[in-house]
Amino acid sequence: MRIFDYLYVAAHQLRKNRLRTALTVLGIMIGIASMITVISVGNGGQQMINDELKKFGINRVWFFPNDVRGPSDILVLSDVGMLENVNDVGEVAPSVYKKSFMSAGSKKIVSDVVGTSDVLFSMEQTSFLEGRPITQKDVEYGRKVVVLSEKAKNELFGDENAEEKKVSINGQKYTVVGVEKEEKSIYSSFFSGKCYIPVTTFNTMFSNKYIDEISVSAANTDSLDRVIENCVALLISKYGEGSIKIINLTKELSNAQNILDIFKTVIGAVAGVALLVGGIGIMNIMLVSIKERTREIGIRKALGAGEHHVLGQFLAEALFYAMLGGLLGLITGVLMTRAAGGILGIKTEVSKGAALLSVLFSATVGIAFGLMPAYKASKLNPVDALRHE
Amino acid sequence: MIEVNNLYKTYGRGEACVHALKGISLNIRKGGFVAVMGRSGSGKTTLMNILGCIDSQSRGDYFFAGTDVRRLSAQGKVYLRNRHIGFIFQSFYLLPSLSAKQNIELPMVYAGIPARERHKKSAELLELTGLSERASHLPGELSGGQRQRVAIARALVNSPSLILADEPTGNLDSRTGEEIMRMLCGLNAKGATIVLITHEMAVARCAKELITLRDGRLSKGAEAS
């Protein structure tokens, strides 16, 4: 008797009891589908975090005035120069924010306007739809130039090119020098959608002398902690204890990573339980099936079926349940992964590894939970089995 | 062919135990046709189950073609059933989900015979039993006589040296029963050894030799039941 014969008989049995088969398969299907989804979405999230790290650099930190102390009256442009001189500091970029009215022709919008320097663009490796970033010269001479966000450009100019055109910000004319390309990712959404002008221009326009944040990158990743320590010490010595707030992206991301790990573990455990329950379901239905078909087993044995034939037949049946569940689970898992990716806005892909793992896993469940009933069937005494009503 | 010495079979233990066979000794030659008669409960079926190696005796010897069956492993008995013994049962015992042809081929499947050879052999036997037209019918779509013919074809498929028929006509009307008996006589004439269990004298007369079981013991010759 060949594998094919076993599978043929098993398929036949399963087809005969469609509802029973469907219900038995459901448990495994849910287990495998959630396993695949967890692995794929988890990997997608991981990939996204890694991409963010690469994009913003894992060696970057932000300093803010501690708002609790009231209106910000600390951090000035000259602090940028001060921090640049700290050991192991790579680049230092200032930012200052204000919501502003912008218009071009008859179109009017409200957008975040950021005063910053050329350094920010190199730190964030901004890509451009058109034009160029703000340059050092722009900052030095306080030029009235602006880099538009993709959104602002679309709202103001539609499909036309914006470069060299004029926009007015709070009633003052600016020349568009570039349009930032919008990146679709979680962290960058904090930063994107803003229009940039030279920090010097900004402070003149709003008669402002303070800045809202300074971001500092370390020359290399290993020295980040030391850089933070030195910068904080310097800023505190200037502004006093408790005056400075720090956002360390690496720390934030490792928190996100921890949450992701917990999520993976919990859902993974649920998937495991579903598989276990599915396996028990298979075992249960196999025991019922063997009870129902005791006489059939007796007949087969009388005709010369060996123990291995009976064992093989029922194992094939259990395996069939499990593999069918595994296959349907794989399909459902792929669909769920796509849906989850769409909802969460992350790139997800079911890896070959996850697919292979799920198939192996369901096969294992089938064999593990089919073995006991199949063994029981194979050991039936032919006469007793034949007499069974 | 078959040699049975002082065979005992006891079911259960202690007070509740039942002695189904109480010292049966029996010789059946190759090419023999033995009818075993007896009332129900006389141990006919127990004897046939032991002869067919689907049950084992409590005491006594059973030699099948010189082989001591008691010394055979489970696998050895499986082999014996598959290659050397053909069963025909009163209630046919066809597998309801398999077609006539598939039922007939089942013992060959277990013997590991390749599909092409199986199809050839089952076609021959369907022809022999006059069922060629019914090859793909399920047992539920066949009449009683046709079902028993399928069962006979199945019993013959591995060319066994012994055919065991337990009340093969019991569930059939007399005309169909006669037809089945003619078929068995024909097989015996071609050299098959047959042990037939029945409680109908008319059926038993077809056999060359008649033995009667009474309360687990053997009494030679015929006895009305």
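The expected span of a helix is 1.5 Å times one less than its number of residues. Keep that rule handy for these exercises on a predicted model.

**Exercise 1. Check the length of helix 4 of chain B against its expected span.**

Solution. Start with the residue count: helix 4 of chain B covers residues 115–128, which is 14 residues. At 1.5 Å a residue, the helix should span 20 Å. Now compare with the model: the end C-alpha atoms are 20 Å apart, which agrees.

**Exercise 2. Find which residues of helix 4 of chain B are buried, and what they pack against.**

Solution. A residue counts as buried if 20 or more other C-beta atoms lie within 10 Å of its own. In helix 4 of chain B, that holds for B:Arg118, B:Ser122, B:Leu125 and B:Leu126. These cover an arc of only 100° around the axis, so they sit on the same side of the helix. Their packing partners are helix 3 (100–111) and helix 5 (144–156) of chain B. Turned away from the buried side is a face with the exposed residues B:Arg116, B:Glu117, B:Lys120 and B:Glu127.

**Exercise 3. Work out which strands of the open sheet in chain B stand at its edges.**

Solution. Write down the order of the four strands, 2-1-4-5, with antiparallel pairing. Strand 2 (18–28) and strand 5 (67–68) each have a single partner strand, so one side of each is left without a neighbour in the sheet. Next, look at strand 1 (residues 2–11) and strand 4 (residues 59–64) of chain B: five bridges join them. Here B:Val4 stands opposite B:Tyr62.

Conventions:
Residues are numbered from 1 along each chain as its sequence is written. Chains are lettered from A and ligands numbered from 1 in the order in which they are written. This is a predicted model: local features need pLDDT of at least 70, side-chain atom pairs count only at pLDDT 80 or more; totals for chains, interfaces and linings use all residues. Helices (H or I, at least four residues) and strands (E, at least two) are DSSP runs, numbered from the N terminus. A residue is buried if 20 or more other C-beta atoms lie within 10 Å of its own, exposed if 12 or fewer, and partly exposed in between; C-beta atoms are placed from the backbone. The arc is that of the directions from the helix axis to the C-beta atoms. Two residues are in contact if their C-beta atoms, placed from the backbone, lie within 7 Å. Two strands pair if DSSP finds at least two bridges between them.
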